[in-house]
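Visitor: I should like a close look at a single part of this structure, namely its aromatic residues and the elements that carry them. Please take me through that part in one connected account.

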Amino acid sequence: MKTKIAALSLFAIALASCNNEDKKVETVLEVTSFHIKTTASELEFNTLDAQIEETFTSKQPGYIKRQSGVDDQGRYVVLVYWKSQADAKASMDKFMADASVANYANMIEGSTMKMSRFTITDEFTASNSTFTEVMTFKTNEGANAEVFNKVNDRVGPEFSEKQTGFLQRITGKNEAGEQVALAYWDTKSNSDAVINDFMNAPVAKEFMGMMDQSSIDMIRYQSLTSLKNVALTNKDKVVALLNSFNTGDQTPISYINPDKYIQHNLGVADGLKGFGELMHNAPEGGFKANVIRAFQDGDYVFTHTEYEFFGPKAAFDIFRFEDGLIVEHWDNLLPVQKPNPSGHTQFDGTTALSDLDKTEANKAVVRGFIENVLLGHQMDKVASYINPKEYVQHNPAVADGLDGFGAAMKYFAENGLVMEYDNLHMVLGQGNFVLSVSEGKFGKGDHTAYYDLFRLENGLMVEHWDVIAPIPAKSEWKNENGKF
């Protein structure tokens with residue numbers, strides 16, 4: 001009898017163990033990705049991110065774990081593990097209204113933000129990971145869920161778990177039919193080493209083949225805590241210098257080389273002394289600057305700014321650096337105008353930076369447009385550079401689209417006016433934004449500087465801002481460096 005009871009007890013324990021294994025605890029993984037604004041400092045944002053985790057997110061009910069990182073295209077990812085959907089939602093609702101996180105939230109480019117929540121049953125264990133791969137996707141329409149789940153479960157044991165540096169794989173799904181697969185690695189180099197092997201592995205081909213290819217979003221990113229030597233960039237220094245007009249902070253003045261500062265604003269004397277004289281002669285209330293867009297191309301930083309500078313001005317500034325200090329400055333300013341025929345101002349429109357890997361190709365497109373169309377007058381090539389279906393125009397006098405561009409050219413011709421480009425002096429770019437600096441004649445033939453900022457998509461220009469300003473006579477110059 002005792003033997004039978006013991007056997008039944010062992011059976012009950014085994015059965016309970018199996019039931020516990022089948023009933024894995026469900027938790028929630030929140031995946032948020034975004035870019036920060038071009039005017040934001042990566043160093044400052046990373047510092048604030050760590051503070052947010054310590055003082056806000058980790059204090060919320062249901063919090064389990066938070067991780068954040070950035071990929072080589074500047075895309076940030078924040079992963080937060082929660083006990084329930086309700087906990088995740090409550091935290092986000094509070095985040096959006098909490099003044100203590102406002103500075104952090106204001107640095108995020110809202111148009112790029114994407115968030116999804118997934119139900120998972122894996123418990124995070126990869127605490128020493130520095131590199132993560134996150135893939136979200138949907139399966140093909142009509143795909144058998146049970147078959148897919150079996151293939152998904154095979155990826156780890158048949159490939160990932162055999163690789164050097166692999167730590168953990170986590171998968172999940174949500175009610176919208178979206179799936180997530182995470183792979184945690186000890187280092188980026190170990191992940192990089194097996195990318196091609198993974199794509200060629202039979203189980204990976206089977207796994208990827210069941211996905212809706214158009215829905216796949218893959219991000220491979222370095223954790224912020226593992227990044228070393230993140231420093232103030234040249235772009236950050238320029239934005240801080242321009243913002244000092246508003247704050248009165250004297251620190252950014254130290255970003256200008258005191259022994260070499262070549263000034264191309266012809267209304268300002270050369271050197272740091274000339275900059276000081278300009279500030280000393282500011283009107284009551286001083287100058288103000290609202291930096292709308294900021295970009296970096298090698299040793300050059302260029303900005304698109306709304307100034308209060310002897311009246312409201314639209315401006316582009318270019319700064320050149322040597323050894324971390326500003327040594328040269330160009331700009332072009334124009335009084336703020338009314339919205340154009342399409343209702344666009346000189347400042348509104350897209351601000352999100354993307355396509356960092358296409359910088360040189362986009363610069364080549366803009367250079368080709370200036371040289372072939374504006375300098376070479378090959379108007380039949382316009383559609384090779386400007387998107388014929390989408391071209392948002394911010395010039396104060398020109399409407400959207402190729403029709404608006406053509407109408408402006410026709411108006412000038414019919415009224416004996418000119419818009420001539422004679423020389424292209426500079427092309428600078430970062431990702432999808434490219435600035436060209438040209439010289440020519442405008443209106444009744446006035447000697448003119450053209451600063452044109454273009455946004456590109458898929459190799460074509462889709463948005464345009466400019467500042468067209470006359471170049472003063474040499475008798476009025478306060479330095480001998482010339483406009484260009």
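Guide: Rings of Phe, Tyr and Trp, the last represented by its six-membered ring, are taken as a pair if their centres lie within 6.5 Å. In this predicted model, Phe34, Phe45, Phe56, Tyr76, Phe95 and Tyr104 form one aromatic cluster. Across the structure there are 31 aromatic pairs.

The cluster may be read together with the nonpolar core. The largest nonpolar core has 22 residues, and Phe34, Phe45, Tyr76, Phe95 and Tyr104 are those that touch the most other members. At least two residues of this core come from each of S1, H2, strand S2 (63-70), strand S3 (75-82) and helix H3 (85-97). The element that gives the most to this core is S3, with four residues. Tyrosine 76 has a long list of contacts once residues up to four places away in sequence are set aside. Among them are Phe34 and Phe45, together with Thr32, Ser33, Ile36, Glu42, Asn46, Gly69, Val70 and Leu224. Another core, of 21 residues, lies apart from the largest one and includes Leu242, Phe275, Phe287 and Ala289.

The loop between strand S1 (27-35) and helix H2 (42-55) contains alanine 40. Alanine 40 has a relative accessible area of 8% and is therefore buried, the limit being under 20%. Beyond its neighbours within four places in sequence, alanine 40 is in contact with Met107, Lys235 and Asp236. Alanine 40 and aspartate 236 are separated by 196 residues in sequence, yet their C-alpha atoms are 7.3 Å apart in space.

Individual ring pairs come next. A pair of aromatic rings is described by the distance of the centres and the angle of the planes. Phenylalanine 295 and phenylalanine 433 are a stacked pair, with 4.7 Å from centre to centre and 25° between the planes. This pair joins distant parts of the chain, since phenylalanine 295 belongs to strand S10 (residues 288-297) and phenylalanine 433 to strand S16, 138 residues apart. Both phenylalanine 295 and phenylalanine 433 are buried.

A further pair consists of phenylalanine 369 and phenylalanine 405, whose ring centres are 6.5 Å apart and whose planes stand at 55°, so this pair is tilted. Here too distant parts of the chain are linked: phenylalanine 369 lies in helix H11 and phenylalanine 405 in helix H12 (residues 401-414), 36 residues apart. Phenylalanine 369 counts as buried because its relative accessibility is 2%. Phenylalanine 405 is likewise buried, at a relative accessible area of 11%.

The strands that carry the stacked pair can be followed outward in two directions. On one side, S10 pairs with strand S11 (residues 300-308) in the antiparallel sense over nine bridges, and asparagine 290 stands opposite glutamate 306 in S11. S10 and S11 make a hairpin with two residues between them, and glycine 298 in the turn has a positive phi of about 60°. S11 in turn pairs with strand S12 (residues 312-322), again antiparallel and over nine bridges; glutamate 306 stands opposite alanine 314 in S12. The hairpin of S11 and S12 has three residues between the strands, and phenylalanine 310 in its turn has a positive phi of about 55°.

On the other side, S16 belongs to an open sheet of five strands with mixed pairing, in the order S14-S18-S17-S16-S15. Strand S14 (392-393) and strand S15 (418-430) stand at the edges with a single partner strand each, so one side of each has no neighbour in the sheet. S15 and strand S16 (residues 433-443) are antiparallel and pair over eleven bridges. Within that pairing, glutamine 430 stands opposite phenylalanine 433 in S16, and phenylalanine 433 is the partner of phenylalanine 295 in the stacked pair. Helix H11 (residues 359-375) lies across S15, S16, strand S17 (446-457) and strand S18 (460-470), at about 170° to S15. Phenylalanine 369 of the tilted pair is located in H11.

One aromatic ring is also matched with a charge: the charged end of arginine 169 sits over the ring of phenylalanine 207, 5.3 Å from its centre.

Notes:
Residues numbered from 1 in each chain as written. Predicted model: local features only at pLDDT ≥ 70, side-chain atom pairs only at ≥ 80, totals over all residues. Heavy atoms only, no water. Pairing = 2+ DSSP bridges. Contact = heavy atoms within 4.5 Å. Axes fitted to C-alpha atoms, helices over the stretch in contact; angles between N-to-C directions. Phe/Tyr/Trp six-rings, centres within 6.5 Å; stacked < 30°, edge-to-face > 60°. Buried < 20%, exposed > 50% of the residue type's maximum accessible area, 1.4 Å probe, protein only. Lys NZ or Arg CZ within 6 Å of the ring centre and 35° of its normal. Core = buried A, V, L, I, M, F, W, Y, C linked by side-chain atoms within 4.5 Å.
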